[in-house]
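Visitor: Got a minute to walk me through this one? I'd like the overall picture and then some side-chain details.
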Amino acid sequence: MSMSANVEHHRRHHVAPQEAGGPVWLSAAAGLCASLVGLGLARFAYTPLIPALIAAKWFTPAEAVYLGAANLAGYLAGALIARDLGARIGSVWALRGMMLLAAVTCFACAVPISFTWFFGFRFLAGVSGGVIMVLAASTILPHTAPSRRGFVGGVIFAGVGLGIAASGTLVPLLLQQGLKEAWYGLGVLSALLTLISWKAWPAEAPAAHASAEPHVAARRVRSPLVLMLCLEYGLNALALVPHMVFLVDFVARGLGQGIAAGSHYWVLYGLGAVVGPLLTGHLADRAGFAAALRAAFLVEAIAVAMPAVNSSPAVLIVSSIIVGGFTPGIVPLVIGRIHELIPHSTAAQRTAWAQATTTFALFQAAGAYGLSYLFAHSGGDYTRLFVIGAAAVAVALAIELISGVALRPKRG
């Protein structure tokens with residue numbers, strides 16, 4: 001009798017929220033819109049705009065790249081404040097507010113008052129993305145049946161790729177009207193997506209078990225395997241920087257092919273990012289999250305290094321699609337791995353995910369500033385950037401393999 005009561009209690013806490021929160025596809029659509037706005041448009045749309053900002057003499061090449069890094073610093077700040085912000089005003093209201101903020105930053109960037117003004121709003125755009133990355137999945141997945149979480153998680157993070165692909169196709173069209181008009185267009189699209197998704201968010205997830213066994217939860221979050229996973233995720237963030245910040249500029253100015261050609265590769269990067277989370281989630285369902293993560297690191301290391309070895313169109317196409325796929329595609333793998341390492345504590349899972357996202361943001365911001373500095377003081381050497389990125393994810397793979405053997409739980 002107590003067993004059936006236990007099962008009923010578990011069912012009510014883990015399945016009922018899906019029914020109470022409305023159709024799961026509606027929640028998934030809201031998450032997709034949030035990642036599209038906060039990460040796809042407010043963040044990644046800047047990359048194909050870099051050559052145009054330089055050509056219009058709004059900023060020097062070094063300034064334009066540093067402004068890209070400002071967004072990554074904001075992403076770190078957003079990841080740090082996300083859980084506290086969600087606790088204070090509710091995760092759903094925090095997500096709505098960040099989507100609105102992302103739209104405002106696009107409109108503000110249409111007016112280049114000064115470098116400081118632009119820096120501030122690029123920073124705020126990053127803040128919106130960091131908060132959305134931490135809160136979106138943890139707000140939606142508790143309302144989703146376990147059998148559908150892989151698919152729903154993939155849909156949420158596919159929004160990043162849709163934003164990249166949209167920015168790569170829309171930005172060149174908008175630039176035909178002018179640089180200011182391009183920013184206005186991104187702002188209007190962000191505002192529309194915010195309004196469309198406003199009512200689609202689920203009700204706040206129940207706070208049951210949030211304070212249960214706090215010492216056990218804290219110990220799980222600080223376990224060596226979880227800490228190593230966070231470090232690997234951070235190194236992966238560094239590995240993505242060369243493509244995220246420099247890819248379009250590398251093609252447009254480094255190879256002398258122009259903004260249109262650079263934008264074409266950015267569209268490929270975005271298309272890879274659309275299907276990446278769905279493919280990695282499917283792989284993890286088949287092979288397990290640990291095995292999928294190791295395979296992802298190996299393939300990613302090769303793809304990041306490819307432009308340093310060969311800059312032919314075929315090589316750049318493959319590299320753009322694969323690295324684009326892993327940009328959001330690594331996210332469901334890390335979330336799933338966290339759930340494997342911390343299987344029975346929702347509170348610890350959420351804390352570990354916030355910790356992993358913060359580590360990712362820290363490495364990404366530091367990597368962006370470091371690689372921007374290196375680029376500015378090396379006479380524009382793009383090759384070195386891709387080599388450093390590939391080395392970072394290779395180290396992540398080594399850590400994953402070594403920790404997986406050395407720290408594997410003993411079974412008796």
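Guide: Sure, here is a chat about the fold, the rings and the charged pairs.

Guide: One thing up front: this is a predicted model.

Visitor: Noted. What does the secondary structure come to?

Guide: The protein has 16 helices and zero strands.

Visitor: And how much of the protein counts as buried?

Guide: Of its 412 residues, 55% are buried. The accessible surface is about 16,600 Å², and carbon and sulfur atoms make up 68% of that.

Visitor: What share of the contacts comes from residues far apart in sequence, say 24 or more positions?

Guide: That share is 84%, counting contacts with a separation of 6 or more.

Visitor: Pick a helix for me. How does the reach of H3 compare with the expected value?

Guide: H3 covers residues 24-41, so to speak 18 residues by the DSSP runs. From first C-alpha to last, H3 reaches 24 Å, close to the 26 Å expected at 1.5 Å a residue.

Visitor: Is H3 enclosed or exposed?

Guide: Largely enclosed by the rest of the structure, because 15 of its 18 residues are buried.

Visitor: Switching to aromatics. How many pairs are there?

Guide: The structure holds 16 aromatic pairs. One of them is Phe250 with Phe386: the ring centres are 5.4 Å apart and the planes sit at 65°, so that pair is edge-to-face.

Visitor: Where in the chain are those two?

Guide: Phe250 is in helix H11 (residues 224-254) and Phe386 is in helix H16 (residues 382-406). They are 136 residues apart, so the pair links distant parts of the chain.

Visitor: Buried or exposed, those two?

Guide: Phe250 is buried at 6% relative accessible area, and Phe386 is buried too, at 1%.

Visitor: What about Trp266 and Tyr269, stacked or edge-to-face?

Guide: Stacked, because the planes are at 10°, with the ring centres 4.6 Å apart. Both residues are in helix H12, three residues apart, which means about one helical turn separates them.

Visitor: And how accessible are they?

Guide: Trp266 has a relative accessible area of 0%, and Tyr269 also comes out at 0%. Both therefore count as buried.

Visitor: Which rings form a cluster?

Guide: Trp58, Phe59, Phe115, Phe118, Phe119 and Trp183 are linked into one by ring pairs.

Visitor: Which charges sit over rings?

Guide: Arg43 has its charged end over the ring of Tyr75, 4.4 Å from the centre. Another case is Arg96, which lies over the face of Trp93 at 4.7 Å from the ring centre.

Visitor: While we're in H12, what does Thr280 touch?

Guide: Leaving out residues up to four places away in sequence, Thr280 touches Phe326, Gly329, Pro332 and Leu333. Thr280 sits in H12, which runs over residues 259-287, and is buried at 8% relative accessible area.

Visitor: And Ser138, where does that lie?

Guide: Ser138 is in helix H7 (residues 115-140). With a relative accessible area of 18%, Ser138 is under the 20% cut-off and so counts as buried. Its C-alpha is 9.7 Å from that of Ala354, although the two are 216 residues apart along the chain.

Visitor: Now salt bridges. How many?

Guide: There are four. Among them is Glu400 with Arg294, whose closest N and O atoms are 3.0 Å apart. Glu400 lies in helix H16 and Arg294 in helix H13 (residues 289-309), so this bridge ties together parts 106 residues apart in sequence.

Visitor: Are those ends buried or partly exposed?

Guide: One of each: Glu400 is buried at 4% relative accessibility, whereas Arg294 is partly exposed at 25%.

Visitor: What does Arg337 pair with?

Guide: Arg337 forms a salt bridge with Glu340, again with the closest N and O atoms 3.0 Å apart. The two are three residues apart in helix H14 (residues 313-341), so about one helical turn separates them. Arg337 is buried at 13%, while Glu340 is partly exposed at 37%.

Visitor: Last one: what is the N to O distance for Arg384 and Asp381?

Guide: The closest N and O atoms in that salt bridge are 3.6 Å apart. Arg384 is partly exposed at 39% relative accessibility, and Asp381 is partly exposed at 24%.

Conventions. Residues are numbered from 1 along each chain as its sequence is written. This is a predicted model: local features need pLDDT of at least 70, side-chain atom pairs count only at pLDDT 80 or more; totals for chains, interfaces and linings use all residues. Side-chain values use heavy atoms; hydrogens and water are left out. Helices (H or I, at least four residues) and strands (E, at least two) are DSSP runs, numbered from the N terminus. Buried means under 20% relative accessible area, exposed over 50%, partly exposed in between (1.4 Å probe, protein chains only). Contact means heavy atoms within 4.5 Å. Accessible areas come from the Shrake-Rupley method with a 1.4 Å probe; for residues, only the protein chains shown count as cover. The expected span of a helix is 1.5 Å times one less than its number of residues. Rings of Phe, Tyr and Trp (its six-membered ring) pair if their centres lie within 6.5 Å; planes under 30 degrees apart count as stacked, over 60 as edge-to-face and the rest as tilted. A charge sits over a ring if NZ of Lys or CZ of Arg is within 6 Å of the ring centre and within 35 degrees of the ring normal. A salt bridge is a side-chain nitrogen of Lys or Arg within 4 Å of a carboxyl oxygen of Asp or Glu.
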